[in-house]
Amino acid sequence: MDQLRKSILEDLPEIEWISDPALRQGTIDAWALALEKSSFSRISEIPGEANPGMMVMRRGGQNVHLSGVTRLALASVDYFAAVYPEAVIDRDIVIAGGLCHDVGKAFECDPENQKRWKADASLVGRPSLRHPVYGAYICLTVGLPEAIAHIAACHSPEGDNVKRSLECIIVHEADVAWWTISAASGLTQDGTIPDHFTKKFEPRKAREMQKAAE
Ligand SMILES: [Fe+2]
């Protein structure tokens, strides 16, 4: 296995939880393609931010967010499976969808693209494509199922224009929860929480932590 694929498995160990081998492979392929087309060399290099410059985490890259959203989403799946086993939820689609929902951030958060779009937004827009749109393109290109492309495309406000699938709703709610709890817990950098969020809560000051030895 090449270095890039190895780094994807290191950054997103939850990939191993996907039981369908084709879906597991597709998840790795999606991230490999997105990274190859970007100036990032691994997922953990992509800044932990909701959008460029917005909700910027004090620490932790995009891998921490992806794994966190996937785990929160899975907690919902496991809860309903235990209490309401009659609910039909595709666990594999939730895991792969959680891990791929922000695959387009390799494009939208790429500093090279940011520089280009900032220089003249009249040329191709700023950004030309938000991460959900670019993410759907990546998922379909590597042959991931429509259900995963839909989660990438519609986990965000883009999905407010359509009826979301059940698995997309689970990832979407986990994503919103992850960002809201992070921001309200004071884990995001000052001045990076957008107004529509700051209206809803006062971030609590996070505890001072010893800097881990590099
Ligand atoms: Fe996300």
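Helices are here DSSP runs of H or I with at least four residues, numbered from the N terminus. On that basis the model, which is predicted, contains 11 helices and zero strands. Read from the N terminus on, its elements therefore follow the order α-α-α-α-α-α-α-α-α-α-α. The radius of gyration is 17 Å, close to the 17 Å that the globule rule gives for 214 residues, so the protein is as compact as a globular protein of that length. Along the principal axes, the C-alpha trace spans about 45 × 45 × 40 Å.

One annotated region can be placed on this helical chain. According to UniProt, in an unreviewed entry, the feature "domain: HD" occupies residues 78-176. Over residues 78-176 the chain is 65% helix and 0% strand, and the C-alpha atoms at the two ends of that stretch are 19 Å apart.

Three helix pairs show how the elements pack. The first to consider is formed by helix H3, residues 62-83, and helix H4, residues 91-100. Their axes come within 8 Å and cross at roughly 160°. Since angles over 145 degrees count as roughly antiparallel, H3 and H4 are therefore roughly antiparallel to each other. The crossing in which H3 passes H4 is right-handed. On the H3 side the contact is made by Leu66, Val69, Thr70, Ala73, Leu74 and Val77, and on the H4 side by Arg91, Val94, Ile95, Gly98 and Leu99. By class, the residues of this contact of H3 with H4 comprise eight nonpolar, two polar and one charged.

A second pair brings together helix H2, residues 21-36, and helix H8, residues 131-141. These helices pack at an angle of about 125°, with their axes 9 Å apart. That angle makes H2 oblique to H8. H2 passes H8 in a crossing that is right-handed. From H2, Ala30, Leu33 and Ala34 meet Ile138, Cys139 and Thr141 of H8. The contact of H2 with H8 has five nonpolar residues, one polar residue and no charged residues.

The third pair consists of helix H9, residues 146-154, and helix H10, residues 166-184. Here the packing angle is about 40°, and the axes lie 9 Å apart. As in the other pairs described, the handedness can be stated: H9 passes H10 in a right-handed crossing. H9 contributes Ala147, His150, Ile151 and Cys154 to the contact, while H10 contributes Glu167, Cys168 and Val171. Sorted by class, the contact of H9 with H10 has five nonpolar residues, one polar and one charged.

Two details of the backbone remain, and both fall in loops. Met55 is found in the loop between H2 and H3. Although Met55 is not a glycine, its phi is positive, at about 50°. Further along the chain, Pro127 lies in the loop between helix H7, residues 121-124, and H8. A cis peptide bond joins Arg126 to Pro127, with omega of about -5°.

The loops thus connect to the packing already described. H2, which is followed by the loop holding Met55, is also the helix whose Ala30, Leu33 and Ala34 meet H8. H3, at the other end of that loop, supplies Leu66 and Val69, among others, to the contact with H4. H8, which borders the loop of Pro127, supplies Ile138, Cys139 and Thr141 to the contact with H2.

Note on methods: Residues numbered from 1 in each chain as written. Predicted model: local features only at pLDDT ≥ 70, side-chain atom pairs only at ≥ 80, totals over all residues. UniProt positions renumbered as here; feature names shortened; annotations may be inferred. Axes fitted to C-alpha atoms, helices over the stretch in contact; angles between N-to-C directions. Parallel < 35°, antiparallel > 145°, perpendicular 65-115°, else oblique. Left-handed = near helix turned anticlockwise from the far one by under 90°. Contact = placed C-beta atoms within 7 Å. Nonpolar A, V, L, I, M, F, W, Y, C, P; charged D, E, K, R; others polar. Rg over C-alpha atoms; globule rule 2.2 N^0.38 Å.
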